[in-house]
Amino acid sequence: MEIGDGCQIHPTAVFMTADLLGTLRPIVLGARVTIGAFAVVHGGTRVGADARLGHRVIVGEPEHGYAMRQIYQGSGGTTEIGSGVVLRAGAILYAGVRVGEGSTIGHHALLRTNVVVGSGSQLAANLTVERGSRIGDGVRCSPGTHLTADTVVADRVFIGAGVRTINDKRLTWRDPDNEQPLDPPVFEYGCKVGSGVCVMAGITIGAHALIGSGSVVTRDVSANTIAYGVPARSRGQVTS
């Protein structure tokens with residue numbers, strides 16, 4: 001384990017260098033990292049300078065059990081927390097997560113295996129981001145939202161509170177003979193999605209589009225389009 005100059009680590013913090021298979025991975029803390037009470041940091045985690053890990057944060061958790069049509073054996077991985085990142089109390093980041101410089105992850109947010117978050121983004125409290133999702137730079141995700149596995153969120157996107165996303169058109173569970181490829185939604189550059197929106201599988205919301213609160217998006221929304229309703233339909237164009 002490597003600890004940079006000026007780190008402040010609460011005496012109750014726990015460092016677990018071995019994953020569930022017994023593989024040891026180093027933990028590296030940059031200069032002036034702060035780690036709060038009862039935080040758990042797993043092997044393979046690298047934390048950049050001036051990052052703050054709040055109380056009861058868990059970082060680098062190995063995935064274990066059935067999910068995403070496969071069984072995870074508890075293997076760890078490289079988890080990267082950029083310089084100046086803030087992980088607020090209760091946040092959980094699984095192994096393989098990468099968070100870019102200056103981003104903030106809110107209270108009790110959950111980022112599953114191999115999620116990537118860019119720089120300067122803000123993911124609010126009680127947010128769930130499922131495995132393999134990609135979130136760009138300068139993104140704002142409001143509280144209580146769920147981003148399904150492999151969702152793509154481009155730079156400068158704004159996602160309101162309580163947004164729901166879907167990647168499975170047939171809702172198949174543990175039935176390999178009938179499973180179809182998952183088809184997550186895509187949020188293109190600078191689009192804005194209001195609170196309470198539901199975005200169905202395979203949908204693309206175009207650059208700078210605006211989706212009204214409470215809408216159910218069942219078809220692609222073109223760039224610079226205003227859409228709302230159940231189902232959401234084009235209502236005009238974004239003019240500024």
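These are my notebook entries on the strands and salt bridges I looked up in this predicted model.

**Entry 1: the sheet**

I started with the strands. Twelve of them form an open sheet, and the pairing is mixed. I wrote down the order as 2-5-8-13-16-19-22-25-28-31-33-34. Which strands stand at the edges? They are strand 2 (8–9) and strand 34 (233–237). Each has a single partner strand, so one side of each is left without a neighbour in the sheet.

**Entry 2: one pair inside it**

Next I picked strand 5 (residues 34–35) and strand 8 (residues 52–53). They run in the parallel sense and pair over two bridges. I wanted a residue to go with that, so I checked Thr-34: its bridge partner in strand 8 is Arg-52.

**Entry 3: salt bridges, Asp-19 and Arg-25**

On to charges. Side chains of opposite charge can pair when their charged atoms come close. How many salt bridges does the structure hold? I noted six.

One of them joins Asp-19 and Arg-25, with the closest N and O atoms 2.7 Å apart. Is Asp-19 buried or exposed? Asp-19 is buried, at a relative accessible area of 9%. The cut-off for buried is under 20%, so Arg-25, with 23%, comes out as partly exposed.

**Entry 4: Arg-112 and Glu-63**

Arg-112 forms a salt bridge with Glu-63, and here the closest N and O atoms are 2.5 Å apart. I then looked up where the two sit. Arg-112 is in the loop between strand 17 (110–111) and strand 18 (116–117). Glu-63 is in the loop between strand 9 (58–61) and strand 10 (64–67). That puts them 49 residues apart, and the pair links distant parts of the chain. I also checked burial: Arg-112 is buried, and Glu-63 is too.

**Entry 5: Asp-183 and Lys-169**

My next pair was Asp-183 with Lys-169, a salt bridge with its closest N and O atoms 3.6 Å apart. Both residues lie in the loop between strand 26 (164–165) and strand 27 (186–187), so this pair ties together parts that are 14 residues apart in sequence. Asp-183 counts as partly exposed at 30% relative accessibility. Lys-169 is exposed, with a relative accessible area of 63%.

**Entry 6: a network**

Last thing I looked up: which residues do shared salt-bridge partners join into one network? I found Glu-63, Arg-112, Glu-130 and Arg-131. So that's where the buried pair from Entry 4, Arg-112 and Glu-63, turns up again.

Conventions:
Residues are numbered from 1 along each chain as its sequence is written. This is a predicted model: local features need pLDDT of at least 70, side-chain atom pairs count only at pLDDT 80 or more; totals for chains, interfaces and linings use all residues. Side-chain values use heavy atoms; hydrogens and water are left out. Two strands pair if DSSP finds at least two bridges between them. Helices (H or I, at least four residues) and strands (E, at least two) are DSSP runs, numbered from the N terminus. A salt bridge is a side-chain nitrogen of Lys or Arg within 4 Å of a carboxyl oxygen of Asp or Glu. Buried means under 20% relative accessible area, exposed over 50%, partly exposed in between (1.4 Å probe, protein chains only).
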